[in-house]
Amino acid sequence: MSSRAEHPPRLPAHPLRFGPISLRAWRADDDDAAFLVAAWADHEVARWSPVPAEPTSTTAGRWLRQAAADRTAPTAIDLVIVDAVSGEPFGEIGVTEIDAERGTAVVGWWLVEPARGKGHATRAVDGFAVWLFEAWGMSRLAAIIAADNVASVAVARRAGFAHRANLPDGRLVFERRAGSATVRSRP
Ligand SMILES: CC(C)(COP(=O)(O)OP(=O)(O)OC[C@H]1O[C@@H](n2cnc3c(N)ncnc32)[C@H](O)[C@@H]1OP(=O)(O)O)[C@@H](O)C(=O)NCCC(=O)NCCS
């Protein structure tokens, strides 16, 4: 496996499927904007993830246009976690701080409340990581998680990330390297 990321990295041509879920690009339409507005109002999403101060359809439209520009650069890639059959949106997964030279990036995720407790985040994080390693030639992914975000720490561990460091602000740095195995993988 290459230790150097592909130049430029390509987006998936089709949704990436991992069992009952798929990952697809955000669409700059009313449905995705409405989903974002609702998700940003979710207490847990707002508590642990960076969300706009004003979660309105205008902000969501701007966010979706920025996401499209970012993935063209690509400076960041954000995908929607959806039900693979119905297409119902469940959450978000993405990478920022993409360093194509070093093959590194920071991955983040969230699910709306009804989609939690079913393994969808673990599947999405594990599958997305493997895709970034194999299709992009990424070598190392980091996840930065508040120490008291128990659910997210569990997702990172189940998806094969190991605790590497503590930041001064109390957040934990988890890391998964290319070639490392998933801790727990169920269909
Ligand atoms: C973090 C977050 C995505 C975790 O969601 P989650 O539903 O707990 O995570 P998963 O989708 O992996 O589900 C895990 C649960 O489903 C169950 N599960 C079912 N099938 C599973 C499978 N195939 N694989 C893993 N877990 C499975 C597990 O038993 C687990 O339940 P348990 O924790 O009671 O044992 C969610 O809490 C969230 O969005 N929080 C707010 C935003 C946030 O914190 N984002 C991260 C910022 S760093």
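# Ligand shell, core and strands

α2 (43-48), β5 (104-111), α4 (120-136) and α5 (150-158) each bring at least two residues to the shell around the ligand. The model is predicted. Two of these elements, β5 and α4, come up again below: Trp 110 lies in strand β5, and α4 gives the largest share of the largest nonpolar core, eight residues.

**Around the ligand**

- How many residues does α5 give to the shell around the ligand? α5 supplies five, the most of any contributor.
- The ligand has 24 residues around it. Those that come nearest are Trp 48, Arg 116, Gly 119, Ala 121 and Thr 122.
- By residue type, the shell splits into ten nonpolar, eight polar and six charged residues.

**The largest nonpolar core**

- This core holds 46 residues. Ile 81, Val 107, Ala 124 and Val 125 touch the most other members.
- α4 provides eight of the core residues, the largest share.
- Which residues does Val 107 contact, leaving aside neighbours within four places in sequence? They are Val 95, Val 125, Phe 128, Ala 129, Leu 141 and Ala 143.

**Trp 110**

- Trp 110 belongs to strand β5.
- Is Trp 110 buried or exposed? Trp 110 is buried because it has 23 C-beta neighbours inside 10 Å, and the cut-off for buried is 20 or more.
- Setting aside neighbours within four places in sequence, Trp 110 is in contact with Ala 39, Val 45, Ser 49, Gly 91 and Glu 92.
- His 43 is 67 residues from Trp 110 in sequence. In space, the two are 12 Å apart, C-alpha to C-alpha.

**Strand β8 and its partners**

- Strand β8 spans residues 171-177 and has two faces. Leu 172, Phe 174 and Arg 176 are on the covered face. Arg 171, Val 173, Glu 175 and Arg 177 are on the uncovered face.
- Strand β6 (residues 140-146) runs antiparallel to β8, and seven bridges join them. Ile 145 has Leu 172 of β8 as its bridge partner, and Leu 172 is on the covered face.
- Strand β7 (residues 162-166) also pairs with β8 in the antiparallel sense, over four bridges. Here Ala 165 stands opposite Val 173, a residue of the uncovered face.
- What lies between the strands in the hairpin of β7 and β8? There are four residues. In this hairpin, Gly 170 takes a positive phi near 95°.

Methods:
Residues are numbered from 1 along each chain as its sequence is written. This is a predicted model: local features need pLDDT of at least 70, side-chain atom pairs count only at pLDDT 80 or more; totals for chains, interfaces and linings use all residues. A residue is buried if 20 or more other C-beta atoms lie within 10 Å of its own, exposed if 12 or fewer, and partly exposed in between; C-beta atoms are placed from the backbone. Two strands pair if DSSP finds at least two bridges between them. A residue is near a molecule or strand if its C-beta atom, placed from the backbone, lies within 6 Å of it. Ala, Val, Leu, Ile, Met, Phe, Trp, Tyr, Cys and Pro count as nonpolar, Asp, Glu, Lys and Arg as charged, and the others, Gly among them, as polar. A nonpolar core is a set of buried Ala, Val, Leu, Ile, Met, Phe, Trp, Tyr and Cys residues joined through C-beta atoms within 7 Å. Two residues are in contact if their C-beta atoms, placed from the backbone, lie within 7 Å.
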